[in-house]
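Please follow this account with the sequence and the three-dimensional view side by side. The paragraphs below move from a strand pairing to the pockets, and from there to the sheets and one residue in a strand.

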Amino acid sequence: MNGERSTGVSVIVRPTVAVTVLVASLLFFLVLAGKAAALPGDPPIAPLSPGDGITVPAVEEGLKVTYTCPAYRTAVEVEEEEVENEEEEIEVIEKPVTVFGGSEEYGVIFSTQPLPGPEGRLKSVGFGEAGEAEAEAVKGTSNCTSELELPTSPNPAALYQGKVYWQAFRECEGCLTGYETGPLQSFVVAPTIEEAEISFENHVYGGYMTKVNFFASSGLKGAKVALQLWTGSEWRTLSEEPGTELGENSFFVTLGTGHKLLRPIVVGTGVTLYLEEKAKTVRRSKKGPRTPVATGSWVYALKPEREEFPLTFKVTNNGTVLKGLNAAVEAVCKGPAKDQKVTIEATSAVKSVPIAPDGSVVAHFATTGATPTTVTLTGNFFGGRFNGLLTSQFLNCSGFREFEAVPAPAPKKK
């Protein structure tokens, strides 16, 4: 190098005051609705989707926004190198070094209000830690995505509603505030429950209890789910249950004969969703043949386990009524410590339940007393056997038993 000899000493230092003033003079700021400018010549941040002001459905898995996130200059640093000149004197040569940033320096701020923060970015309000989201690069492009996880209280995420503001940003060491921002955007979130429907048993008979199942692809814990019947002039609520994390509920109702129109609704704090209606023809119980059911005593089908897991009932009234069911049920109870569970054995009983013409049985009731209990029995008589499911809920315990029963053998003659 023209007689100069490098000492091999190389260090990275921050810009001098002069450099800082120069960089600062190149920066400019607009109001939040605009953007904080990039370093001269760098491509700005551009929002891509969703479009500004449009309505999007509320979803559990997170609301995704997309924006450009090209490589950019985040700062200008100075590299000092000591060299020896021809007079064998040590000189310090300063070289500007540009520091580039990538997708990992990008992110998005989400907020329920369009308020500026102290760093020139949108101030996150209403979403807690979820209000600032990291960027995820879209493979093969210069774009990024970020997701907003909607709150799950007081309503489940699917029932969230309101306007959401968002602003993409990137870190910038050479900028006055330490960040560059894209334009302020917004979208409106509408409560949405996808793939929600009710389903009926194959045969529903007038005057007999039946189970109506509700299913939704969204978790609904924290809301209420109700089943309504159209009376000809208004919708009447037949049953209401707390929503579940799985989005599944069962309603036990007794309908009159004829063509019936029912619908589920989901009720949260300040929001109600009326879901798809569904029709069902309820049959007259006296028309058509009945499934034959043997009268007398019935017992658990597995003979070797009858003593350990007893189950008995009787069929009376010419095969039309199930009476006096008593069964051992294994129940799981929540313990005092978190995630602690205790398994116990309990006994569940059903006094009396009618047998529908097709051999189906549905019973659902709550008992009172020292230990209030909710008991459900569903099953079907067919081919000389009864296949049933018995569930029991009491205190902090939940138990169930799937079983098969057969007519009790005749007593042996002495």
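**A walk through strands and pockets**

S360 stands opposite N380, a residue of strand β27, and this pair offers a place to begin in what is a predicted model. The two strands concerned are β26, which covers residues 360–367, and β27, which covers residues 373–382, and they pair in the antiparallel sense over eight bridges. Together β26 and β27 form a hairpin with five residues between them, and in the turn G369 has a positive phi of about 125 degrees.

Both strands of this hairpin also take part in the lining of a pocket. The second largest pocket has a volume of about 250 Å³, and 17 residues line it, of which E201, H203, D358, S360 and V362 are the closest to its centre. S360, the residue that stands opposite N380, is therefore met again here, since a lining residue has an atom within 4 Å of a pocket point. The elements that give two or more residues to the lining of the second largest pocket are β15 (209–215), β26 and β27. By character, that lining divides into seven nonpolar, seven polar and three charged residues.

How much space lies in the largest pocket? The volume is about 1,200 Å³, and the lining consists of 30 residues, with T244, E248, T391, Q393 and S398 the closest to the centre. Two or more residues of this lining come from each of β17 (235–242), β18 (248–254), β24 (321–334), β27, β28 (385–394) and β29 (397–407). The strand β27 thus appears in the list for the largest pocket and also in the list for the second largest pocket. The residues that line the largest pocket divide into 10 nonpolar, 13 polar and seven charged.

Two of the strands named so far, β15 and β18, belong to an open sheet of three strands, which has the order β14-β15-β18 and antiparallel pairing. Its edge strands are β14 (197–199) and β18, each of which pairs on one side only, and the twist averages 25 degrees from one strand to the next. Within this sheet, β15 and β18 pair in the antiparallel sense over seven bridges, and T210 stands opposite V253 in β18.

Another open sheet has four strands in the order β2-β4-β10-β9, again with antiparallel pairing. Why is one side of β2 and of β9 left without a neighbour in the sheet? The strands β2 (47–49) and β9 (136–137) stand at the edges and have a single partner strand each, so one side of each is left without a neighbour. For β9 the pairing with β10 (residues 143–148) is antiparallel and is made by two bridges, and the bridge partner of E136 in β10 is T145.

The last stop is V266, a residue of strand β19, which covers residues 258–268. Is V266 buried or exposed? V266 has a relative accessible area of 0%, so V266 is buried, given that buried means under 20%. Leaving aside residues up to four places away in sequence, V266 touches L159, I193, F214, L220, A223, K224, V225, V271, T272, L273 and L275. The C-alpha atom of V266 is separated by 8.2 Å from that of G243, which is 23 residues apart from V266 along the chain.

Note on methods
Residues are numbered from 1 along each chain as its sequence is written. This is a predicted model: local features need pLDDT of at least 70, side-chain atom pairs count only at pLDDT 80 or more; totals for chains, interfaces and linings use all residues. Side-chain values use heavy atoms; hydrogens and water are left out. Two strands pair if DSSP finds at least two bridges between them. On a 1 Å grid over the protein atoms alone, a cavity is a set of points where a 1.4 Å probe fits but cannot get out, and a pocket is an open set with protein on both sides within 12 Å along at least five of seven lines; lining residues have an atom within 4 Å of a point. Grid points are joined across faces, edges and corners, and a volume is the space filled by probe spheres set on the points. Ala, Val, Leu, Ile, Met, Phe, Trp, Tyr, Cys and Pro count as nonpolar, Asp, Glu, Lys and Arg as charged, and the others, Gly among them, as polar. Buried means under 20% relative accessible area, exposed over 50%, partly exposed in between (1.4 Å probe, protein chains only). Contact means heavy atoms within 4.5 Å. Axes are lines fitted to C-alpha atoms, for helices over the stretch in contact, and angles run from 0 to 180 degrees between N-to-C directions.
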